Amino acid sequence: MFKPFLESYPPYFQKYIDLVPDDELMAGFANQWPVIKNLLDTISEDKSMYAYAENKWTLKDLLQHVIDTERIFCFRALCFARNERNNIAGFDENAYAASGTANTRSWQNLSEEFLAVRQATGLLFKSFSAEALKRMGSANNIPTSVASMGYITLGHFYHHKKIIEERYL
């Protein structure tokens, strides 16, 4: 499956999809794996508690956000692939972060969780047929395709990697 057309996802997510260097979805997941591992390995336990400004997330909070969001995007993709006709509600990332416990966990534990989630994400998208990847569903009352959810997931990581590199490291 190749990069989706704008009509198959909310325009807000264009900024994420533009960050994905791969045209083919499964190549994107395969090529991003070592990028993720390298980034996670460059952050120490001490550094993981750093926030670049007052009232900003720590690196642990940010990684928990990436994990939570990836799970939500996968749920949406699964629902759309299985022809769910009900709209999927949105989520408030700041409310999720406020009720999370990322800063009580070790960086290693959060990293292991993200790697496990990402492995499951790759397997989920690999399991979808070409027909399922084209299916549309609705989240926040905006039509989105299954394939678009995959590219959005990849781009969401690249977006936060860029923030980490520019503001945290």
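No disulfides turn up anywhere in this structure, which is a predicted model, when the whole of it is searched. Where, then, is the closest cysteine sulfur to that of Cys74? It belongs to Cys79, at 11 Å. A disulfide calls for two cysteine sulfur atoms within 2.5 Å, so the sulfur of Cys74 is simply too far from that of Cys79 for a bond. Seen from the other side, Cys79 is likewise in no disulfide, and its nearest cysteine sulfur is that of Cys74, 11 Å away. Are these two cysteines buried or exposed? Cys74 has a relative accessible area of 12% and is buried. Cys79 is buried too, with a value of 11%.

Stepping back to the chain as a whole, its secondary structure is made up of seven helices and two strands. Following the sequence, the order of these elements is α-α-α-α-α-α-β-β-α. The C-alpha trace spans about 45 × 30 × 25 Å along its principal axes. How does the radius of gyration fit with what a compact globule would have? For 169 residues such a globule would come out near 15 Å, and the chain has 16 Å, so the two agree. Buried residues make up 47% of the 169 in the chain. As for contacts with a separation of 6 or more, 78% of them are between residues 24 or more positions apart.

Thr58 gives a closer look at one spot in this fold. It sits in the loop that runs between helix 2 (25-41) and helix 3 (59-81). Thr58 is counted as buried because its relative accessible area, 9%, is under the 20% cut-off. Which residues does Thr58 touch, once neighbours within four places in sequence are set aside? The list holds Ser48, Met49, Tyr50, Ala51, Asn103 and Tyr168. There is a link to Asp61 as well: a polar atom of the Thr58 side chain lies 3.0 Å from the backbone nitrogen of Asp61. Tyr50, one of the residues in contact with Thr58, has a charge to deal with on its ring. The charged end of Lys47 sits over that ring, 4.2 Å from the centre.

Aromatic rings come next. How many aromatic pairs are there? The count comes to eleven. Among them is the pair of Phe13 and Tyr16, whose ring centres are 5.6 Å apart, with 40° between the planes. That angle makes the pair tilted. Phe13 and Tyr16 are both buried. They also belong to one aromatic cluster, together with Tyr12 and Phe73.

Finally, a word on backbone angles. Most residues other than glycine have a negative phi. Asn83, which is not a glycine, nevertheless has a positive phi of about 65°. Its place is the loop between helix 3 and helix 4 (93-99). Asn83 counts as partly exposed because its relative accessibility is 35%. Asn141 is also not a glycine and has a positive phi, in this case about 60°. Asn141 lies in the loop that joins strand 1 (136-139) and strand 2 (142-145). With a relative accessibility of 62%, which is over the 50% cut-off, Asn141 counts as exposed.

Definitions and conventions:
Residues numbered from 1 in each chain as written. Predicted model: local features only at pLDDT ≥ 70, side-chain atom pairs only at ≥ 80, totals over all residues. Heavy atoms only, no water. Helix = DSSP H or I, 4+ residues; strand = E, 2+ residues; numbered from the N terminus. Buried < 20%, exposed > 50% of the residue type's maximum accessible area, 1.4 Å probe, protein only. Polar contact = N/O pair within 3.5 Å; in protein donor to acceptor, adjacent residues only side chain to side chain. Contact = heavy atoms within 4.5 Å. Phe/Tyr/Trp six-rings, centres within 6.5 Å; stacked < 30°, edge-to-face > 60°. Lys NZ or Arg CZ within 6 Å of the ring centre and 35° of its normal. Rg over C-alpha atoms; globule rule 2.2 N^0.38 Å.
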